[in-house]
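Hi,

Here's the structure I promised to pass on. Have a look at it first, and my notes on what turned up are underneath.

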Amino acid sequence: MKSSTYGYGYSVHDMDGSPQAVTELDLSACHPNSIVDRINAMPALKTSTAFFTFLRANLVLPHSAMSSNPSTPNLTPTRPLPPATMRRSPTPQSSRPVIPIPPAAAALDEDDDEDIPPLTLEVLSSEPDKTAALKLIADSIAQQRQTASSHIIFHPLPLSSLIATLAISYRYFLSQSDLGTQLMILSSLVTTYLLAIRWLTAPFIRLAESISYSFLQSSQSEEEDTVIACRYGKEIIGATVLHVSRPGGNSDPNFKRHKQRGSLSSFKGGRGVIRAWTVKMRYRGKGIGGDMLREAVRLTKEKCGKDGEVGFARGHANAGLIPIGGSGERGERGEEKSVLPEWLNRGWLRRSERRAAQALERVVGEFWNGKRR
């Protein structure tokens, strides 16, 4: 390889080793002549800017062959847009594309709305519907067993008795025993405690099984009690049994004679007695029970007049009362006893009855306020 002050020479050898002449590029004449060229010249390199100018002139690529990065600015001159096309950029809201909803999607949305079952409140008239409502009432009575069991398990008095029994057994009988014996005896005592509670609440199941179609039959009239139900689609999710009594009722000495003659007086001055009121567990707390109470108050006022009273029967379906003698209409038997002692009912059953009575008072107050308006 040959070299000069501002030029480079290259020699290439063939496969057999013989040299081959190559054209040399002599840049000896390319000296910076002007002040600008002297400023642009790089002192670290002996090659002047003319060498790079030569390369730029001989290495020009077509514009189509250049693939520029999107972030690279476009240095080609562009023609300015006419004034008519220079407009304000649209707002972000207006720049969003408007996608029309196809008719098929709109039809699907309408079908989804139609698939939602309606929620209706009605007075049942067919026997299958009344049987389904009675089954819902029986289920609510059976659920009371679970509620009562949970209350008794954590009641302070039974729970303290269990803890005392476990402590005494461990202190005087199991302190010298091995760990396996201690766990077996103590777990047996806890199991006995739970079985005693299960036996104590078993009558709730018998009360639930006693609910049949005869529950709707009244001894005061040939008509059955009114069953108000809330239906979600085809499913009955709430039921209320309303008995509307005539003034006097069985206390009227001529009741049996009037009943045989068919000359019973009208319901004017009578009262409405709610003998059952329940809502399916998963739908509670959504106002369904209040709607049924409003319907019961409305029906009572229609039959008995504006002075007709509405209240819960003492022996309603969820009162936890077992008849121990006599016969007749449920809730009007002369002698009944509670499934649980009163000191155990005070915590959960009486609280629920107070809440039901307060709900009924609010409904009656709303009815009177609506009448005044």
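Which exposed residues sit on the face of α6 turned away from its buried side? They are P156, I163, R171 and Y172. Before I go on, bear in mind that this is a predicted model.

Sticking with that helix: α6 takes in residues 156-172, 17 residues in total. At 1.5 Å a residue it should span 24 Å, and its end C-alpha atoms are indeed 24 Å apart, so the expected and computed spans agree. On the inward side, P158, L162 and S169 are buried. Looking down the axis of α6, the buried residues fall within an arc of 45°, so they line one face of the helix. The general background is that an α-helix has 3.6 residues a turn, so residues three or four places apart point the same way.

The database record ties in here. An unreviewed UniProt entry annotates residues 152-173 and 179-200 as "transmembrane region". In the model, residues 152-173 come out as 86% helix and 0% strand, with the end C-alpha atoms 27 Å apart. For residues 179-200 the figures are 100% helix and 0% strand, and the end C-alpha atoms lie 32 Å apart.

Next, the pocket. The largest pocket holds about 940 Å³ of space. It is lined by 34 residues, and those closest to its centre are W277, R284, S352, E353 and A356. Several elements give two or more residues to this lining: α5 (127-153), β9 (271-279), α10 (288-304), β10 (309-312) and α11 (342-372). Of these, α11 gives the most, with eleven residues.

You may well ask about cysteines. How many disulfides does the count come to? Zero, taking a disulfide as a pair of cysteine sulfur atoms within 2.5 Å. As for individual cysteines, C230 has a relative accessible area of 5% and C304 one of 3%. Both are buried, because the cut-off for that is under 20%.

One last spot to click on is V123, which belongs to strand β6 (residues 119-123). With a relative accessible area of 39%, V123 counts as partly exposed. V123 and T226 are 103 residues apart in sequence, yet their C-alpha atoms are 7.1 Å apart in space.

Shout if you'd like to go through any of this together.

Cheers

Key: Residues numbered from 1 in each chain as written. Predicted model: local features only at pLDDT ≥ 70, side-chain atom pairs only at ≥ 80, totals over all residues. Heavy atoms only, no water. Buried < 20%, exposed > 50% of the residue type's maximum accessible area, 1.4 Å probe, protein only. Helix = DSSP H or I, 4+ residues; strand = E, 2+ residues; numbered from the N terminus. Expected span 1.5 Å × (residues − 1). Arc of directions from axis to C-beta. UniProt positions renumbered as here; feature names shortened; annotations may be inferred. 1 Å grid on protein atoms, 1.4 Å probe; cavity = no way out; pocket = protein on both sides within 12 Å on 5 of 7 lines; lining within 4 Å. Points joined across faces, edges and corners; volume = space filled by probe spheres on them.
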